[in-house]
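Reader: Hi! I'd like to go through a structure with you, a bit at a time. Could you put it up so we can start?

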Amino acid sequence: MSWYHDAVVYETHVRSFADGNGDGYGDFAGLTDKLDYLVDLGITAIWLLPFFPSPLRDDGYDVSDYTAVDPRYGTLEDFARFVDRAHRRGLKVITEFVLNHTSDRHPWFQRARHSPAGSSERDFYVWSDTPDRYGDARIIFTDSETSNWAWDPVAGAWYWHRFYAHQPDLNYDNPAVRQAVVEVADFWLDLGVDGLRLDAVPYLYERDGTSCENLPETHAFLKDLRAHVDARYGGDRMLLAEANQWPVDAAAYFGNGDECHMNYHFPLMPRMFLALARGRRDPIDWVLDRTPPIPPSCRWGTFLRNHDELTLEMVTDAERREMYAAYATDPRAKLNIGIRRRLAPLLGDDSRRILLLFSLLLSMPGTPFVYYGDEIGMGDDLDLPDRNGVRTPMQWSDAPHGGFTTATPYMPVIDDAVYGYRRRNVAAQRQDPGSLWNAVRRLLHLRRDHPALRRGTTVWHAPDDPALVSFSRRHDGVSIHVVANLAARPATIQGDRGGIDLLGGGPSPTGSWTLPPYGVRWILEDR
Ligand code: TEU
């Protein structure tokens, strides 16, 4: 087992977390000052969204310099100090590797468009004389783009982009590109980074007559990258694929244990919300029945929300309609093929339902990811463009701007009557034993203290009541039985073995007993 098998990963943007120098932007100084907060919460690893120089037209996923820190967030020395302080606390650091595309402001693209057609510099990107090639590739940012090709007047040619038109795709058929991106990986791994998130990795290569996703060439490149990383750094660095694909295609990013160590389980995530909307476990059963076994050294990354829209790319049309009806009653919440809302607003700020999903996330197999602010039930702002509404500054206290900054923040701090920082903040909830923050912290600490929840095998049960999710995590003779009621009505479990209820404390009865609406039990079974 390695660190990422036992990890709980906290996702945040440096810019959104804490402002250390009073300029209105979160930065590495501020983030470093909050490391003890993350340790106390029970976090073991931090995933940082892109902090590289960028025009910020895709919030940093439009990189204009791969081996620097955007000065708004600090310097490379500040980053190195952050990594050192994190490591001293036993925290691992995962950074972004936006390897599919650059910003059109990147010097590579500027050089390419001014270089002769057919030159290696020009062929750092994918060019065509017509916008018709690779017609089977879907458009991903459907709200913003109508083609995967854009015209460049300087080059006098069309260039390929799977995301915004200002994000030209790199050409992985060019060996100079493959070498250049490996050097980027080495730059950050040399600085002590423990894991790299391979952004948009399914789209690296293009081939006529294909969807241009999950191609064999991509998996061959990943095998080479993994071999390089293992040879140069030993076995404890981690590659995390962001492959938003159906289970079989998603599992392919593990290879035979010789590609990525982790991949997010995107198809599971929406089905946890769908199961809650239905009050039935069948969406979860459906996707788990179709999830293939993976190499034992690999791990699924499980999550509820993240910095993007709640993606509905991996559900059926009928399921998508059901999800929109249940969770996007405000039409502004729809973005591309998803819902741009945070966890608490999605669940009507019902702490029972929020805790139900957190309890499943933190007891199911896989390595869980927690999106910053969801531990206090932070809200969102649908008036902000794109996905910015789920990326507002962290709410630390009822001080001005939520204690995030002493200046005017880069983006407004949520200040509405329900989710506003004056009442919804870390300081208030840390002092309140009955707060969401303390309940999430308790779940995280229980997970930390019980290896069965991190490393255990999983046996899924099928209780008579379809509202119940029930599974056992078993490790070293210890068995923890998780039972959750997805319905807004009581549900009865039959013939339970009983034990100690880790959540409520005290004995859990044998035989039949009833869970309240949205109730959950983690039962440490008698040996
Ligand atoms: O998203 C890549 C991706 O495949 C998206 O379709 C994603 O699955 C969808 O937005 C729902 O999550 C990554 C980043 O997460 C996103 O923030 C970037 O905008 C995108 O790459 C381009 O870099």
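Author: Happy to! This is a predicted model, and a good place to begin is aspartate 6, which is buried, with a relative accessible area of 19%.

Reader: Why does aspartate 6 count as buried at 19%?

Author: Because buried means under 20% relative accessible area, and aspartate 6 has 19%.

Reader: Thanks! Which helix is aspartate 6 found in?

Author: Aspartate 6 belongs to helix 1, which covers residues 3-6.

Reader: And what does aspartate 6 touch, leaving out residues up to four places away in sequence?

Author: With those set aside, aspartate 6 touches Thr44, Arg454 and Arg455. With arginine 454 there is also a polar contact between the two side chains, at 2.8 Å.

Reader: Nice. Let's switch to pockets. How much space lies in the largest pocket?

Author: The largest pocket holds about 610 Å³ of space. It is lined by 26 residues, and those closest to its centre are Ile294, Trp300, Pro365, Thr458 and Trp460.

Reader: Which elements give two or more residues to that lining?

Author: Four elements do: helix 11 (282-289), strand 10 (299-303), helix 17 (451-455) and strand 15 (457-460).

Reader: What about domains, which ones does the lining of the largest pocket draw at least three residues from?

Author: Domain 1 (3-100 + 175-430) and domain 3 (450-525) each provide at least three residues of the lining of the largest pocket.

Reader: I'd love the chemistry too. How do the residues of that lining divide into nonpolar, polar and charged?

Author: For the largest pocket, the lining has 13 nonpolar, seven polar and six charged residues.

Reader: OK, on to the second largest pocket. How much space lies there, and how many residues line it?

Author: The second largest pocket has about 260 Å³ of space. It has 15 lining residues, with Leu355, Ser359, Leu443, Leu503 and Val520 nearest its centre. Helix 14 (351-361), helix 16 (436-449) and strand 22 (520-525) are the elements that give two or more residues to this lining.

Reader: Which of the elements gives the most to the lining of the second largest pocket?

Author: That's helix 14, with four residues. By residue type, the lining of the second largest pocket has eight nonpolar, three polar and four charged residues. Domain 1 (3-100 + 175-430) and domain 3 (450-525) each give this lining at least three residues.

Reader: Good to know. How many cavities of 30 Å³ or more turn up in the whole structure?

Author: There are two cavities of 30 Å³ or more. The largest cavity has a volume of about 280 Å³. Its lining is made of 22 residues, and Ile140, Phe141, Phe163, Glu242 and Asp308 are the closest to its centre. The lining of the largest cavity counts nine nonpolar, five polar and eight charged residues.

Reader: And the second largest cavity, what volume does it have?

Author: The second largest cavity comes to about 30 Å³. Its lining consists of Phe52, Tyr66, Glu96, Phe97, Val98, Val184, Ala185, Trp188 and Leu196. They divide into eight nonpolar, no polar and one charged.

Reader: Which element supplies the largest share of that lining?

Author: Helix 7 does, with three residues of the lining of the second largest cavity. Strand 3 (92-97) and helix 7 (175-190) each supply at least two.

Reader: Changing topic: where is the place of threonine 210?

Author: Threonine 210 sits in the loop between strand 7 (195-198) and helix 8 (216-233). A polar atom of the threonine 210 side chain lies 2.7 Å from the backbone oxygen of arginine 207. The backbone nitrogen of cysteine 212 lies 2.9 Å from a polar atom of the threonine 210 side chain.

Reader: What else does threonine 210 touch, not counting residues up to four places away in sequence?

Author: On that basis, threonine 210 touches Asp136, Ala137 and Leu215.

Reader: One last residue: is proline 393 buried or exposed?

Author: Proline 393 is buried, with a relative accessible area of 0%. Its place is in the loop between strand 14 (367-371) and helix 15 (426-430). Not counting residues up to four places away in sequence, proline 393 touches Ser16, Met378, Phe404, Pro409, Tyr410, Met411, Pro412 and Val413.

Conventions: Residues numbered from 1 in each chain as written. Predicted model: local features only at pLDDT ≥ 70, side-chain atom pairs only at ≥ 80, totals over all residues. Heavy atoms only, no water. 1 Å grid on protein atoms, 1.4 Å probe; cavity = no way out; pocket = protein on both sides within 12 Å on 5 of 7 lines; lining within 4 Å. Points joined across faces, edges and corners; volume = space filled by probe spheres on them. Nonpolar A, V, L, I, M, F, W, Y, C, P; charged D, E, K, R; others polar. Domains from an automatic or database assignment. Contact = heavy atoms within 4.5 Å. Polar contact = N/O pair within 3.5 Å; in protein donor to acceptor, adjacent residues only side chain to side chain. Buried < 20%, exposed > 50% of the residue type's maximum accessible area, 1.4 Å probe, protein only.
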